[in-house]
Structures are given as structure tokens and as C-alpha cells.
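Here is a note for a colleague who is opening this structure for the opening round of comments. Please keep the sequence and the model side by side while reading the numbered points.

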Amino acid sequence: MNKDDYPVFPDADAGADPSVPAEQGGKGFKGEGWETNTNFDFIGDPHALKGGVLRDHVPDFPGTLRMEGPEWNTQLNYMIVTMVYEGLLSIHPTTLEYIPALATHWQISPDKLTFRFRINPNARIVP
């Protein structure tokens, strides 16, 4: 398994909005002055079959399925959040370095108060 056979950002500009300037993450974005991480080990097998069914049991009946408010703080709701929402970045399980998820690049201001993210222009909502 050659990692170079599986690019992290295939066709990086294919979904880019041509009205957004390249320096702001649009078509032609080069990433100068931004951080990213494309040098990480494989996580899982790229040949694994996609799709299928996940079956799990619920040890308790949730008071609500809301993600905010009274009674939302349950094991089931935390499990649902991780399956429904994808973060901007993820953390590699062995190196603990940031790796791209919905964001391909990121910037953190020197005072650590401002974070900017370039959303992958090829990210899509799967119905």
C-alpha cells in the first residue's frame, strides 16, 4: 500500500467557488501562510468496503435526543454526535497531530484568539 496512491486532497480545486479569491481559499488556493497536514500514516484500510449497517445497543433510554438543554448529557447522545457531525479537524490516533477533516487548511493567530479554516471545496452533504 503506497500512500502516494491515495492523495489527501484529490482534485483540490474541483469544487472551488470561482468568485472566491485564491488567497481566501477559492480556485487556485496554494496554502501559503496556512497550516495543513498531509503527512500522516494510513488510518484503516483504503480497500475497506464502504457502507453497511451499524447495530448497537442502548444501555439506557435517553430523556431527549437534543444536543443542548436538560437531560442531553448521556452516553447515547455523545455517540450520536460523533456519528452525525464531522469536525473541521481531527486528531491522528497515534501521533496526536491535527489532520484535515472538513477543513483542508487552518490558521491560528499569534494571540490564539482567532482561528480561520479553509473548508474543503469538494465537501458535500450526503443525502
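1. Is Leu88 buried, partly exposed or exposed? The model is a predicted one, and in it Leu88 has a relative accessible area of 32%, so it counts as partly exposed, since that class covers values between 20% and 50%. Leu88 is found in the loop that runs between helix H1, residues 75-84, and strand S1, residues 89-91.

2. Leu88 also belongs to a nonpolar patch on the surface, which it forms with Ile108, Phe115, Phe117 and Ile119. Together these residues have about 410 Å² of accessible area. Which element gives the most to the nonpolar patch? That element is strand S4, residues 115-119, which gives three residues.

3. Strand S4 also holds one partner of a salt bridge, for Arg118 pairs with Asp13, and the closest N and O atoms of the two are 4.0 Å apart. The pair links distant parts of the chain, with Asp13 in the segment before H1 and Arg118 in strand S4, 105 residues apart. The count for the model comes to one salt bridge. As for cover, Arg118 has a relative accessibility of 6% and therefore counts as buried, whereas Asp13, at 23%, counts as partly exposed.

4. A further point concerns the largest pocket, whose volume is about 930 Å³. Which residues lie nearest its centre? They are Val8, Glu86, Pro100, Ala101 and Asn120, out of a lining of 29 residues. By class, the lining of the largest pocket consists of 19 nonpolar, four polar and six charged residues.

5. Two loop residues deserve a look at their backbone angles. As background, most residues other than glycine have a negative phi. Leu96, although not a glycine, has a positive phi of about 60°, and Leu96 is found in the loop between S1 and strand S2, residues 98-100. With a relative accessibility of 64%, Leu96 counts as exposed, because values over 50% fall in that class.

6. Lys112 is the other residue to check here, with a positive phi near 60° in a residue that is not glycine. The place of Lys112 is the loop between strand S3, residues 103-108, and S4. Is Lys112 buried or exposed? Its relative accessible area is 56%, so Lys112 is exposed.

7. Helix H1 can be followed through two of its residues, Gln75 and Val84. Gln75 is exposed, with a relative accessible area of 59%, and Val84 counts as exposed too, at 55% relative accessibility. How far apart in space are Gln75 and Leu65, C-alpha to C-alpha? The separation is 11 Å, for two residues that are 10 residues apart in sequence. For Val84 and Gly31, which are 53 residues apart along the chain, the C-alpha atoms are separated by 29 Å.

8. The strands and the loops that join them offer two further distances for the reader to check on the model. Ile91 lies in strand S1 and, at 47% relative accessibility, counts as partly exposed. The C-alpha atoms of Ile91 and Ala101 are separated by 9.3 Å, the two residues being 10 residues apart along the chain, and Ala101 is one of the residues named above as lying nearest the centre of the largest pocket.

9. The last residue to consider is Leu102, which is placed in the loop between S2 and S3. Leu102 has a relative accessibility of 26% and so counts as partly exposed. What separates the C-alpha atoms of Leu102 and Pro121? The separation is 9.1 Å, although the two residues are 19 residues apart along the chain.

Key:
Residues numbered from 1 in each chain as written. Predicted model: local features only at pLDDT ≥ 70, side-chain atom pairs only at ≥ 80, totals over all residues. Heavy atoms only, no water. 1 Å grid on protein atoms, 1.4 Å probe; cavity = no way out; pocket = protein on both sides within 12 Å on 5 of 7 lines; lining within 4 Å. Points joined across faces, edges and corners; volume = space filled by probe spheres on them. Nonpolar A, V, L, I, M, F, W, Y, C, P; charged D, E, K, R; others polar. Patch = residues over 30% accessible without salt bridge, like charges linked within 9 Å, V, L, I, M, F, W, Y side chains within 5 Å. Areas by Shrake-Rupley, 256 points an atom, 1.4 Å probe, with all protein chains shown as cover. Salt bridge = Lys/Arg side-chain N within 4 Å of Asp/Glu carboxyl O. Helix = DSSP H or I, 4+ residues; strand = E, 2+ residues; numbered from the N terminus. Buried < 20%, exposed > 50% of the residue type's maximum accessible area, 1.4 Å probe, protein only.
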